[in-house]
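Here's a walk through the model, helix pairs to begin with and then some individual residues. Keep the structure open as you read.

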Amino acid sequence: MEDSNANAVTLLRNSIEKSGFSTQDYSDATMMRFLIARSMEVSKAAKMFVQWKKWRDATVPKGYIAESEVEDELKAKKIFLQGMSIKQLPVMIVIANRHFHSKDQLQFKKFVVHLLDKVIASGCKGKEIGNEKWIAIVDLQQISYKNVDPRGLITAFQFLQNYYPERLGKCFILNMPWFFVSIWRMVSRFVDTATLKNYFMHKK
């Protein structure tokens with residue numbers, strides 16, 4: 001790690017601990033994710049970490065979301081882990097035409113956490129380092145309006161941005177139909193411009 005980054009990590013740890021939270025269990029790589037997500041601004045990165053820690057403790061008190069808590073979402077078989085990419089990043093495939101608006105929003109949020117934790121864990125070789133990334137492939141082939149869920153998309157993207165910073169390596173969106181373009185534009189307003197530019201690719 002470069003001296004400038006090491007110094008930033010030290011400042012970040014000090015700032016977080018002044019807020020009453022320990023960073024002992026978190027690697028320098030984890031600290032760097034929060035710094036990069038906030039353009040290396042220590043105060044903003046510290047605020048983000050504290051917000052993440054509060055959310056994580058409240059949402060995932062056991063450290064994981066059990067399959068029994070998201071059974072209804074799993075039954076749809078709409079998301080799969082598909083091994084590793086050429087660059088040895090875990091790949092998640094989303095079959096969008098199997099998704100329908102969830103009546104149980106709490107379960108849907110837990111489902112998102114369950115999947116993100118699972119794909120990250122699948123890329124760990126032994127103990128988690130803290131900077132593991134993954135690739136998403138979202139296939140929109142044969143989707144109809146009944147599969148469109150703007151609220152669900154916004155929830156997933158906000159979780160990625162706020163609670164899983166710098167985890168997404170790349171997201172490929174395949175077979176986007178014409179009617180989804182306007183929906184994507186609306187949802188995109190809730191996604192950071194840098195995130196859209198760096199991580200999302202559309203392919204017909």
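A quick word on handedness: a crossing is left-handed if the near helix is turned anticlockwise from the far one by less than a right angle, and right-handed if clockwise. Helices here (H or I, at least four residues) and strands (E, at least two) are DSSP runs, numbered from the N terminus. This is a predicted model, where local features need pLDDT of at least 70 and side-chain atom pairs count only at pLDDT 80 or more, while totals for chains, interfaces and linings use all residues. Residues are numbered from 1 along each chain as its sequence is written, and side-chain values use heavy atoms, with hydrogens and water left out.

**Helix pairs**

With that in hand, α1 passes α3 in a right-handed crossing. On the α1 side the contact (heavy atoms within 4.5 Å) is made by Ala8, Leu11, Leu12, Ser15 and Ile16, and on the α3 side by Val42, Ala45, Ala46, Phe49 and Val50. Sorted by class, those residues come out as nine nonpolar, one polar and no charged. For the classes, Ala, Val, Leu, Ile, Met, Phe, Trp, Tyr, Cys and Pro count as nonpolar, Asp, Glu, Lys and Arg as charged, and the others, Gly among them, as polar.

The geometry of both pairs is in the table. Axes are lines fitted to C-alpha atoms, for helices over the stretch in contact, and angles run from 0 to 180 degrees between N-to-C directions.

| Pair | Residues | Crossing angle | Axes |
|---|---|---|---|
| α1 and α3 | 3-18 and 42-59 | roughly 50 degrees | within 9 Å |
| α6 and α7 | 150-163 and 180-188 | about 40 degrees | 10 Å apart |

What do you call angles like these? Angles under 35 degrees count as roughly parallel, over 145 as roughly antiparallel, 65 to 115 as roughly perpendicular and the rest as oblique. So α1 and α3 are oblique to each other, and α6 and α7 are therefore oblique to each other too.

The crossing of α6 and α7 is right-handed. From α6, Pro150, Leu153, Ile154 and Phe157 meet Phe180, Ile183, Trp184, Met186 and Val187 of α7. The class count for this contact of α6 with α7 is nine nonpolar, no polar and no charged.

**Around α2**

Next up is α2, residues 28-37. Seven of its 10 residues are buried, so α2 is largely enclosed by the rest of the structure. Buried means under 20% relative accessible area, exposed over 50%, and partly exposed in between (1.4 Å probe, protein chains only). Which residues of α2 are buried? They are Ala29, Thr30, Met31, Met32, Arg33, Phe34 and Leu35, and they pack against α1 and α3.

Just ahead of the helix, tyrosine 26 lies in the loop between α1 and α2. Tyrosine 26 is partly exposed, with a relative accessible area of 21%. Leaving aside neighbours within four places in sequence, tyrosine 26 touches Arg13, Met31, Phe49, Trp52 and Lys53. Measure C-alpha to C-alpha and you get 10.0 Å between tyrosine 26 and glutamate 128, although they are 102 residues apart in sequence.

On the other side, arginine 38 sits in the loop between α2 and α3. Arginine 38 is partly exposed at 26% relative accessible area. Apart from neighbours within four places in sequence, arginine 38 is in contact with Lys44, Ala45 and Met48. Serine 39, which follows α2, has a positive phi near 55 degrees.

**Loops around β1**

Lysine 77, in the loop between α4 (71-75) and β1, has a positive phi of about 50 degrees although it is not a glycine. At 55% relative accessibility, lysine 77 counts as exposed.

Glutamine 88, in the loop between β1 and β2, is another non-glycine with a positive phi, about 65 degrees. Glutamine 88 is partly exposed, at 44% relative accessible area.

Is serine 85, in the loop between β1 (79-84) and β2 (90-95), buried or exposed? Serine 85 counts as buried, at 15% relative accessibility. Beyond its neighbours within four places in sequence, serine 85 is in contact with Val91 and Ile135.

**Cysteines**

The structure holds zero disulfides (a disulfide being a pair of cysteine sulfur atoms within 2.5 Å). Cysteine 124 counts as buried at 18% relative accessibility, and cysteine 171 counts as buried at 5%.
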